[in-house]
Amino acid sequence: MLNFKRRLLTDSEIARYRDDGFFIYGAVVEDRDVRVLQAEAARLWEAAHKDFDAGASWNQNAILNGVHRESPLMREIMYRSALVDVMTQVIGANIKAASNQLVFKSPNDERPYDWHQDNGFGPLEPATTVSCWMALDDVHEKNGCLWVIPGSHKNGRLEHRAERGRERIAAVENEESAVPVLLKAGECVFFHGDLLHKSNGNSTDKMRRAFFYRYADADAIETLTGEPRVGRLLRGTSRFPEVTNCPETVCQPAKNDALSAAEKS
């Protein structure tokens, strides 16, 4: 069992999130559990037999999708940390898990992942989804921290263009207001699904790892299909029985997983 740090947002912090589109929450777990999560990330990476391939896309080298299936620890973070209650403050009373990934930046892989919105990849309605990005290593400008454009979520979902395989990237004309998000291992930033963000390459000789997971309104549907996004119901109720009855190891049905993998290959 992980030892979580628990706190809700103040009214001023909620207002800041609404205005900026992101909020640096800080530590999710106690310091002693950070090493446990680092070891779990290494185990999952090794089990997936992921070897860096300079000829592959960034997504192929960097992402493990749906790691909650193989990892009770990752389920514990996504389903039982204080962030679930925080989501009721910024999304609403009814919350479900929408997706999750482990994201790695290999040593000396200096390729960036350009500006995008998470709602640009898997758009859901209502567009109130929130992404949580938990650092498993200290992240800074040299190893590929996140950069965000405060307030950019207010412009809604932008058109994304295909680059580097099937990665979909938003065109950004003015990035002068972008700011880096610097985190210590175990800390988390969460941000609106329409917030523009990117990460630069990793110019260090060490791996940079993060756990990424999304929350959504329990009745959120897939914009492209009109079907409900299936995921574990975490708070409140849902009008969809496939959400109400969703087991812990399910987050998106198999057909959506296949679509997601195809889009990001």
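A residue is called buried when its relative accessible area is under 20%. The views below come from a predicted model.

**View 1. Strand β3 is mostly covered.** Of the 11 residues in β3 (95-105), 11 are buried. Three strands that pair with β3 are described here, each in the antiparallel sense. Strand β13 (residues 208-217) is joined to β3 by 10 bridges, and Gln101 of β3 stands opposite Phe212 of β13. With strand β2 (residues 63-65), β3 shares 3 bridges; here Ile63 faces Val103 as its opposite residue in β3. Strand β15 (residues 233-235) has 2 bridges to β3 and also runs antiparallel to it. In that pair, Lys96 stands opposite Leu233. Strands of a sheet pair through backbone hydrogen bonds, in a parallel or an antiparallel way.

**View 2. Leu102 sits in the largest nonpolar core.** This core holds 42 residues. Leu102 is among the residues with the most contacts inside the core, together with Leu83, Met87, Phe190 and Tyr215. Which residues does Leu102 touch, not counting those up to four places away in sequence? They are Ala41, Leu44, Ala62, Ile63, Leu64, Val67, Met74, Leu136, Ala210 and Phe211. A second core, separate from this one, has 21 residues, including Val103, Trp133, Cys145 and Phe191.

**View 3. Helices α2 and α4 cross at an oblique angle.** Two packed helices are described by the angle between their axes and by the distance between the axes. For α2 (residues 31-47) and α4 (residues 72-80), the axes come within 10 Å and the crossing angle is roughly 125°. An angle over 115 but not over 145 degrees falls in the oblique class, so α2 is oblique to α4. On the α2 side, the contact is made by Val36, Leu37, Glu40 and Leu44. On the α4 side, the contact residues are Leu73, Met74 and Ile77. Sorted by class, the contact of α2 with α4 has 6 nonpolar residues, 1 charged residue and no polar ones. Two of these contact residues, Leu44 of α2 and Met74 of α4, are also touched by Leu102.

**View 4. Four strands form an open sheet.** The strand order is β4-β12-β7-β10, and the pairing is antiparallel. Which strands lie at the edges? They are β4 (113-116) and β10 (179-181), each of which pairs on one side only. From one strand to the next, the twist averages 25°. Inside the sheet, β7 (residues 146-148) and β12 (residues 197-199) run antiparallel and are joined by 3 bridges. Val148 has His197 of β12 as its bridge partner.

**View 5. Asn108 has a positive phi.** Asn108 lies in the loop between β3 and β4. Its phi is about 60°, a positive value, although Asn108 is not a glycine. Is Asn108 buried, partly exposed or exposed? The relative accessible area of Asn108 is 48%, so this residue is partly exposed. The limits of that class are 20% and 50%.

**View 6. A cis peptide bond precedes Pro126.** The bond joins Glu125 and Pro126, and its omega is about 5°. Pro126 is found in the loop between β5 (124-125) and β6 (130-135).

Conventions. Residues are numbered from 1 along each chain as its sequence is written. This is a predicted model: local features need pLDDT of at least 70, side-chain atom pairs count only at pLDDT 80 or more; totals for chains, interfaces and linings use all residues. Side-chain values use heavy atoms; hydrogens and water are left out. Axes are lines fitted to C-alpha atoms, for helices over the stretch in contact, and angles run from 0 to 180 degrees between N-to-C directions. Angles under 35 degrees count as roughly parallel, over 145 as roughly antiparallel, 65 to 115 as roughly perpendicular and the rest as oblique. Contact means heavy atoms within 4.5 Å. Ala, Val, Leu, Ile, Met, Phe, Trp, Tyr, Cys and Pro count as nonpolar, Asp, Glu, Lys and Arg as charged, and the others, Gly among them, as polar. Two strands pair if DSSP finds at least two bridges between them. A nonpolar core is a set of buried Ala, Val, Leu, Ile, Met, Phe, Trp, Tyr and Cys residues joined through side-chain atoms within 4.5 Å. Buried means under 20% relative accessible area, exposed over 50%, partly exposed in between (1.4 Å probe, protein chains only).
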